[in-house]
Amino acid sequence: MTYAEMFAQVKELLKKADASGIQEHLTYQFNVTGDAAGAFYLEVKDGHVNVEPYEYYDRDVLFTCSADTLFKIASGKTDPVPAVMLGKLKVEGNIDKALKLKLLLPKG
């Protein structure tokens, strides 16, 4: 899978996220490793989710994982907290804001 294919699929999954209950501005950058390596960001602003194929240097949180782990998290099949504990997802930045990612994800 190429980066472009991975990004198109993950954007489709993440644009369905319900951010209506989040009143603060959140910015997450995802660094994807492996064959589909690349970076993209997810921004929550005014209750809307925006996903773009760029790095976001003024981000709140940086997540690093494989495309497989990312798809499992974005589809609600894997909880991000155990993924961190198992070493499948690395997190850098504001942990309180990182935990709010769960509010955007579907329930498995």
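**Exercise 1.** In this predicted model, decide whether Glu12 is buried, partly exposed or exposed, and name its salt-bridge partner.

*Solution.* Step 1: the relative accessible area of Glu12 is 39%. Step 2: buried means under 20% and exposed means over 50%. Glu12 is therefore partly exposed. Step 3: the side chain of Glu12 meets that of Lys15 in a salt bridge, with an N to O distance of 3.4 Å.

**Exercise 2.** Find which parts of the chain are tied together by the salt bridge of Lys100 and Glu24.

*Solution.* Step 1: the side chains of Lys100 and Glu24 meet at 2.2 Å, N to O. Step 2: Lys100 lies in the loop between helix 4 (95–99) and helix 5 (101–104), and Glu24 lies in the loop between helix 1 and strand 1, so the pair ties together parts 76 residues apart in sequence. Step 3: Lys100 is partly exposed at 27% relative accessibility, and Glu24 is partly exposed at 28%.

**Exercise 3.** State where the salt-bridge partners Lys72 and Asp68 lie.

*Solution.* Step 1: the closest N and O atoms of Lys72 and Asp68 are 3.2 Å apart. Step 2: both residues lie in helix 2, four residues apart, which is about one turn of the helix. Step 3: the structure holds five salt bridges, this one among them.

**Exercise 4.** Give the strand order of the sheet and explain why strand 3 and strand 5 have a side without a neighbour.

*Solution.* Step 1: the sheet is open, with five strands in the order 3-2-1-4-5 and mixed pairing. Step 2: strand 3 (48–52) and strand 5 (89–93) stand at the edges with a single partner strand each, so one side of each has no neighbour in the sheet. Step 3: the average twist from one strand to the next is 20°. Step 4: strand 2 (residues 38–45) runs antiparallel to strand 3, and five bridges join them. In this pairing, Lys45 stands opposite His48 in strand 3.

**Exercise 5.** Classify the ring pair of Phe30 and Phe63 by its geometry.

*Solution.* Step 1: the count of aromatic pairs comes to six. Step 2: the ring centres of Phe30 and Phe63 are 5.1 Å apart and the planes stand at 25°, so the pair is stacked. Step 3: Phe30 is in strand 1 and Phe63 in strand 4, so the pair ties together parts 33 residues apart in sequence. Step 4: Phe30 is buried, at 5% relative accessible area, and Phe63 is buried, at 2%. Step 5: Phe30 and Phe63 belong to one aromatic cluster, whose members include Tyr3, Phe7, Tyr28 and Phe40.

Terms used
Residues numbered from 1 in each chain as written. Predicted model: local features only at pLDDT ≥ 70, side-chain atom pairs only at ≥ 80, totals over all residues. Heavy atoms only, no water. Pairing = 2+ DSSP bridges. Helix = DSSP H or I, 4+ residues; strand = E, 2+ residues; numbered from the N terminus. Axes fitted to C-alpha atoms, helices over the stretch in contact; angles between N-to-C directions. Phe/Tyr/Trp six-rings, centres within 6.5 Å; stacked < 30°, edge-to-face > 60°. Buried < 20%, exposed > 50% of the residue type's maximum accessible area, 1.4 Å probe, protein only. Salt bridge = Lys/Arg side-chain N within 4 Å of Asp/Glu carboxyl O.
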